[in-house]
Amino acid sequence: MLTSSEILSLVETRKTLPAYRNYQIVRDAVLKMREPPLEAVPETARPSAYWTEELSRFLYMFDASPLIVDQLRHHSYHITGIQVYAYRSGAAAAALFAEKLEALRGLDERGLFVPEARDMGGFGHEIDGDLVNIDTLKYYESMIAMDRGGALARFRDPSARRVAMEIGSGWGGLAHVFKALFPNTTYICVDLAELFLFSATYLMTRFPDAKVAFLGGDGAGLDGDWREYDFIFVPNTLVQDIPDIPLDLMLNTVSFQEMTTTQVTEYVALADRLKAPLLYSLNRKRSVYSKELTDVHEIIGEKYDVNIIPMLDVPYTKMFDSLRKKERSSKKKEDKARTKPKTPSEAVSVDVKPEKEDMSYKHVVGWRKAGTR
Ligand SMILES: C[S@@+](CC[C@H](N)C(=O)[O-])C[C@H]1O[C@@H](n2cnc3c(N)ncnc32)[C@H](O)[C@@H]1O
């Protein structure tokens with residue numbers, strides 16, 4: 001346990017470390033991005049009711065102490081919902097994570113696994129010397145799905161600079177994985193400006209030599225050569241100003257499903273305008289919280305041929321034990337129904353249940369429709 005004076009000196013040393021200095025740069029940029037009054041931004045660029053509430057919960061990130069920045073990953077539960085507490089050492093779930101990691105490795109032909117980084121408060125179950133949490137497995141699964149759908153082939157040519165754009169990049173987890181695997185990529189993160197307090201701080205610290213730009217945040221223009229940058233952070237309020245840079249891939253995980261029909265339509269139209277040949281999505285047709293969205297996959301289908309990539313039998317949120325539990329419970333139900341004596345009316349009645357809406361997560365690789373390529 002640290003003494004009080006050790007804690008105070010830790011605060012002082014953390015203030016001088018790159019993570020905190022990066023945070024200060026990012027905070028200035030984000031404050032600048034947010035200067036235009038909300039009424040001045042297009043209505044579709046305003047955060048949904050759901051995200052307005054979420055943003056209010058981490059207002060404190062505008063005043064993050066050096067120790068908070070030092071443990072940044074502990075605070076990203078605001079974005080993907082995972083908490084460090086669930087991963088304390090000795091947690092029984094570790095074996096289930098190892099089982100799922102193994103299953104994913106069985107589908108991975110290219111070595112696409114990138115573990116959770118240990119710095120900035122990285123956490124997870126210790127598996128074969130690596131930290132693994134739900135986010136780690138989700139990004140791994142996404143990379144494999146992209147690979148199986150043919151979305152990564154163009155990134156494999158190390159001599160060709162490629163451009164990827166992620167919509168709703170959250171705390172920067174997928175960007176981190178992607179850039180680690182494909183360094184010769186300009187990775188554009190589009191998100192609500194406040195989210196860059198997490199993602200930009202994280203990515204700048206993890207990739208200290210990266211060249212970074214903040215549109216609307218540091219006066220960087222839109223005309224220069226975007227390819228020179230490693231990361232470009234674009235607030236969703238400036239999306240309409242993005243010039244016609246050729247994009248290789250647009251990505252979205254678990255974020256279109258929380259937007260409105262108009263917002264998703266505009267992002268798919270953006271991918272089409274920037275001639276992105278490929279669009280990867282991991283989403284449900286809409287989240288249970290979305291009241292203003294029709295169907296993500298139908299909207300993607302307006303501009304892209306939708307290919308669903310089959311992956312595991314469990315969604316990214318669950319481990320295989322959920323499948324086993326489900327099988328056991330349906331067997332129990334079947335046995336009960338079989339052995340229960342039937343009344344004459346039950347014996348002839350036919351149980352017609354309304355068809356359930358398919359709300360499962362789908363890995364989709366969209367190919368830009370022929371004729372518009
Ligand atoms: C559930 S988080 C997922 C984050 C990340 N994609 C991941 O899978 O770890 C949803 C993300 O969508 C972003 N988002 C919400 N509304 C948005 C909008 N209109 N434009 C761009 N991003 C948006 C949120 O700020 C957040 O980063």
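**Exercise 1. Helix 8**

Find out which residues of helix 8 (173–181) are buried in this predicted model, and what covers them.

*Solution.* Start with the residues themselves: G173, L174, A175, H176, V177, F178 and K179 are buried in helix 8. Next, set this against the length of the helix. Seven of its nine residues are buried, so helix 8 is largely enclosed by the rest of the structure. Finally, look at the neighbours. The cover over these buried residues includes helix 7 (134–148), strand 3, strand 4, helix 9 (196–206) and strand 7.

**Exercise 2. The shell around the ligand**

Work out how many residues surround the ligand, which elements supply them, and how they divide by class.

*Solution.* Begin with the count: the ligand is surrounded by 21 residues. The closest of them are G168, G170, N236, T253 and S255. Then turn to the elements. Helix 8, from the exercise above, supplies at least two residues of this shell, and so do helix 5 (77–80) and strand 4 (185–191). Last, sort the shell by class: ten residues are nonpolar, nine are polar and two are charged.

**Exercise 3. Strand 7 and its partners**

Decide whether strand 7 (249–253) is covered or open, then find the strands that pair with it.

*Solution.* Take the cover as step one. Five of the five residues of strand 7 are buried, which makes the strand mostly covered. Now sort these residues by direction: L249, L251 and T253 point one way, while M250 and N252 point the other way, and all are buried. One of these residues, T253, is already familiar as one of the closest to the ligand.

Step two is pairing. Strand 3 (162–167) runs parallel to strand 7, and three bridges join the two. Across this pairing, E166 stands opposite L251. Strand 8 (278–283) also runs parallel to strand 7, with five bridges joining them. Here L249 of strand 7 has L278 of strand 8 opposite.

Step three follows the chain onward. From strand 7 the chain crosses through helix 10 to strand 8, and this β-α-β crossover is right-handed.

**Exercise 4. Helix 10**

Check the length of helix 10 (residues 261–273) against its expected span, and find what its buried residues pack against.

*Solution.* First, the length. Helix 10 has 13 residues, and at 1.5 Å a residue they should span 18 Å. The C-alpha atoms at its ends are 18 Å apart, which agrees.

Second, the buried residues: these are Q263, V264, E266, Y267, V268, A271 and D272. A general point helps when you look at such a list. An α-helix has 3.6 residues a turn, so residues three or four places apart point the same way.

Third, the packing. The buried residues of helix 10 pack against strand 3, strand 7, strand 8, helix 11 (296–300) and strand 10 (362–368). To finish, look just past the helix: K275 follows helix 10 and has a positive phi, near 55 degrees.

**Exercise 5. Strand 6**

Find out how the two faces of strand 6 (residues 231–235) are arranged and which strands pair with it.

*Solution.* Start with the faces. F231, F233 and P235 lie on one side and I232 and V234 on the other, and all are buried. Strand 6 is therefore mostly covered, with five of its five residues buried.

Now the partners. Strand 4 pairs with strand 6 in the parallel sense over five bridges, and I188 stands opposite I232 there. Strand 5 (residues 212–214) also runs parallel to strand 6, joined by three bridges. In this second pairing, V212 stands opposite F231.

**Exercise 6. Two loop residues with positive phi**

Compare D128 and V254: where does each lie, and is each buried or exposed?

*Solution.* Begin with D128. This residue is found in the loop between strand 1 and strand 2 (130–132). Its phi is positive, about 50 degrees, although D128 is not a glycine. With 9 other C-beta atoms within 10 Å, D128 is exposed, because 12 or fewer is the cut-off.

Now V254, which is found in the loop between strand 7 and helix 10. Phi of V254 is near 50 degrees, again a positive value in a residue other than glycine. V254 has 21 C-beta neighbours inside 10 Å, so it counts as buried, the cut-off being 20 or more.

Conventions. Residues numbered from 1 in each chain as written. Predicted model: local features only at pLDDT ≥ 70, side-chain atom pairs only at ≥ 80, totals over all residues. Near = placed C-beta within 6 Å. Helix = DSSP H or I, 4+ residues; strand = E, 2+ residues; numbered from the N terminus. Nonpolar A, V, L, I, M, F, W, Y, C, P; charged D, E, K, R; others polar. Expected span 1.5 Å × (residues − 1). Contact = placed C-beta atoms within 7 Å. Pairing = 2+ DSSP bridges. Right-handed = clockwise from strand over helix to strand, strands pointing away.
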